[in-house]
Amino acid sequence: MEQDNSGLRVERSPALLRIMFFAPNSGRRALTGMEKYMLTLIRELKEQAECLLVADEPGVLAIQAGLPVIVHPVPSAEHEESPDAVIRRHPAFGPLVNLLHMRQPDIVLVGGPHPVLPASAAKLLGIPVLWLLTETVTDPAWTQQTGQQIERYADWIAGVSDASLAPLCTRASESKIFLLPPTRRREELNPDLHPVYRHKLRSVLPVDEKHRIVGFAAPRLKPEMGLSWFAAMAVQVAAMHPDVRFLVAGSVCDEAHYRLCRRMIEESGYGSRFHYVELEPHREQVLAAMDLIVVPSLSAESFSMTALDGWLLGKNVIAYRSGGLEEMLTATGGSGLLAPQGDVEALTDRVLKCLEAGAQLEARAEASRRSAEAAYGEEAYRERLAMLMANVRKRALELRRRRKPGSLPVLRPHAVYKGKWSPAVFLLEQGRKRPFASAEAFRFYRYRGEDIRVVPDAVLHRFPTGRVLRHDPPSPPNRPSVMLARGEGRLVYLLTGGRRLPVVSQAALRQRGLDPTRVVQLPSAELSVLPLGGDRRRSPKRKRRRYLGTKQAGRAIRHNNPARSRRL
């Protein structure tokens with residue numbers, strides 16, 4: 001009976017989509033690239049949809065997103081390249097299906113190459129999946145099977161660049177793919193404070209305003225980010241331009257590689273002109289101090305936020321032709337500042353040409369800023385997102401129509417059901433499925449294991465989730481709408497329609513096909529507030545008996561008669 005009942009919401013605006021985000025597993029101290037991308041999406045969508053965030057534990061993403069957090073484990077499947085039958089036997093699969101039953105999102109949103117479990121659970125229930133991709137095919141996490149699974153589970157695939165979507169551009173996925181590059185909110189970069197940041201950091205380093213700074217920036221100084229290539233280029237530039245200083249911003253994660261780069265710089269004799277700082281969490285303050293930003297990435301980056309931030313802050317950006325970087329510089333009119341990947345001489349040549357451009361350097365930077373704003377600014381992002389969400393909303397509303405009473409599957413009312421894969425047990429009432437809060441509540445209301453009917457989870461999911469059945473207290477909102485009950489006395493009542501109908505004897509119960517062992521003991525105070533069925537206004541021409549009256553009410557609580565046929 002494990003289930004997530006906290007904050008279960010049943011009602012929602014008919015036009016408001018409910019989107020469930022599954023946060024990627026990561027460290028809690030700083031946001032990863034995927035989390036930053038997801039955060040931007042959340043900030044836009046929470047203004048137009050009801051958004052829920054599922055995470056192993058509350059972290060930085062949850063805090064900055066400002067969303068309700070559902071703490072729920074979402075492990076990576078051990079056999080992510082296995083068929084559905086194997087994935088569904090994973091211990092975490094059933095609880096994930098359960099969570100989706102309870103919350104009933106209109107769409108599930110996952111990110112990265114490995115959220116197979118929630119995507120598979122959503123697909124089982126017929127919930128559309130939007131899959132976000134911020135990585136490229138060169139990432140070690142990618143395999144051919146990974147791409148096949150994304151195409152199988154995803155209804156829409158949103159990628160940050162053509163480079164990130166390249167392995168999925170097949171005929172099978174062509175209609176699913178949307179290009180959705182990230183953006184940067186203007187207030188995040190604080191452009192109005194740019195002169196203040198620039199002066200403050202240059203004063204600390206110290207670097208005079210007459211000196212131009214060529215910078216390298218990466219959250220983590222990994223070898224593939226190209227620090228060694230930056231150092232090789234920088235010592236050549238230093239020999240030709242005494243007025244140039246160099247700034248390396250980022251956290252050391254590979255000590256051996258970092259020491260090698262520092263040794264190269266110190267042995268050149270120009271070490272005093274190099275400065276080192278952390279990049280995060282105030283990257284805009286660091287970038288503001290630079291005049292040129294070099295991105296010599298050796299990996300096929302899908303998208304470079306460093307390049308985008310540099311442009312938006314009015315900087316010139318020089319880069320290697322690596323994946324999405326080439327797309328970005330071409331889109332912003334900077335193709336002339338691209339160098340072949342790994343070519344130090346070409347990289348040096350591009351930097352020298354910029355330094356020697358004089359007044360043209362600022363004009364080029366301003367042109368790049370306007371181009372970057374047009375290609376990757378907030379308005380461009382919202383236009384692309386609107387196209388994607390129009391497709392999502394259309395599908396979601398189609399699926400909602402299937403949940404209207406006239407379109408629901410034919411299941412026996414007031415019977416107990418569970419899905420094939422999910423552990424939750426539900427009581428079907430008035431076109432809704434009401435989950436039992438616990439095994440104790442299930443037993444308290446005199447239900448038994450043999451009462452449970454198993455149906456496909458997709459069938460059960462089509463019924464809206466109703467109020468949770470609890471036994472503490474067994475008040476009207478918490479208990480079944482139709483049930484046999486007694487107080488402190490011996491008299492038994494059929495509770496139905498908000499009234500209590502007295503039952504004169506056990507024989508009367510059996511005559512109606514009801515089981516006397518199904519009588520629930522309730523506090524007398526709970527019964528006394530219900531009007532008696534005999535208090536109804538009666539016709540003067542007919543006398544009505546005061547005990548159990550209708551066949552429909554009798555059928556509603558005929559729990560355990562296996563001899564009778566069952567309808568699904």
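Gly159 stands opposite Leu179 in strand S7, and this pairing is a handy way into the fold. The model is predicted, so local features are described where pLDDT is at least 70 and side-chain atom pairs where pLDDT is 80 or more, while totals for chains, interfaces and linings use all residues. Numbering runs from 1 along each chain as its sequence is written, and side-chain values rest on heavy atoms, with hydrogens and water left out.

Strand S7 (residues 177–179) runs parallel to S6, and three bridges join them. Two strands are taken to pair if DSSP finds at least two bridges between them; helices (H or I, at least four residues) and strands (E, at least two) are DSSP runs numbered from the N terminus. Strand S6 also pairs in the parallel sense with strand S5 (residues 129–133), over four bridges. In that pairing, Trp131 stands opposite Ile157 of S6. In a regular strand the side chains alternate between the two faces of the sheet. Strand S6 (residues 156–159) has Trp156 and Ala158 pointing one way and Ile157 and Gly159 the other way, and all are buried. Buried here means under 20% relative accessible area, exposed means over 50%, and partly exposed lies in between (1.4 Å probe, protein chains only).

Following the chain past S7 leads to Thr183, in the loop between S7 and helix H8 (186–189). Is Thr183 buried or exposed? Thr183 counts as buried because its relative accessibility is 5%. A polar atom of the Thr183 side chain lies 2.7 Å from the backbone oxygen of Tyr376. A polar atom of this side chain also lies 3.3 Å from the backbone nitrogen of Glu378. Leaving aside neighbours within four places in sequence, Thr183 is in contact (heavy atoms within 4.5 Å) with Thr40, Met305, Leu308, Tyr376, Gly377, Glu378 and Tyr381.

Two of these partners, Glu378 and Tyr381, are among the buried residues of helix H17. Helix H17 (residues 378–401) has 24 residues and reaches 33 Å from its first C-alpha to its last, close to the 34 Å expected at 1.5 Å a residue; the expected span is 1.5 Å times one less than the number of residues. The other buried residues of H17 are Ala380, Leu385, Leu388, Met389, Val392, Ala396, Leu399 and Arg400.

Turning to the interior, which residues touch the most other members of the largest nonpolar core? Within this core of 102 residues, they are Phe21, Val214 and Phe230. A nonpolar core is a set of buried Ala, Val, Leu, Ile, Met, Phe, Trp, Tyr and Cys residues joined through side-chain atoms within 4.5 Å. Helix H10 (residues 227–240) gives this core its largest share, nine residues. Val214 touches Phe230, Met233, Val244, Arg245, Phe246, Leu247, Leu292, Val294, Val351 and Leu355, with residues up to four places away in sequence not counted. Another core, of 33 residues, lies apart from the largest one and includes Leu117, Ile127, Leu133 and Leu165.

Further along the chain, an open sheet of four strands has the order S20-S19-S18-S21, with mixed pairing. Its edge strands, each pairing on one side only, are S20 (499–503) and S21 (520–521). Strand S18 (residues 483–486) pairs with S21 in the parallel sense over two bridges, and Arg486 has Gln521 of S21 as its bridge partner.

Several loops hold backbone details worth a look. The peptide bond from Leu205 to Pro206 is cis, with omega near -10 degrees, and Pro206 is found in the loop between helix H9 (194–204) and strand S8 (212–220). A cis peptide bond also links Glu280 to Pro281, with omega near 5 degrees; Pro281 is found in the loop between strand S10 (274–277) and helix H12 (283–288). Asn190, in the loop between H8 and H9, has phi near 45 degrees, a positive value in a residue other than glycine. Asn190 is partly exposed, with a relative accessible area of 28%. Arg446 likewise has a positive phi, near 65 degrees, and lies in the loop between helix H18 (439–444) and strand S17 (452–455). At 31% relative accessibility, Arg446 counts as partly exposed.

As for confidence, pLDDT is the predictor's confidence in each residue, from 0 to 100. The chain has a mean pLDDT of 85, and 86% of its residues reach 70 or more. Over residues 535–553 the pLDDT is below 50, and this stretch has 25 contacts in the model beyond near neighbours in sequence. Over residues 560–568 the pLDDT stays under 50, and the model has 18 contacts for them beyond four places in sequence.

How values were computed. A polar contact is a pair of N or O atoms within 3.5 Å; within protein, one must be able to donate a hydrogen and the other to accept it, and residues adjacent in sequence count only if both atoms are side-chain atoms.
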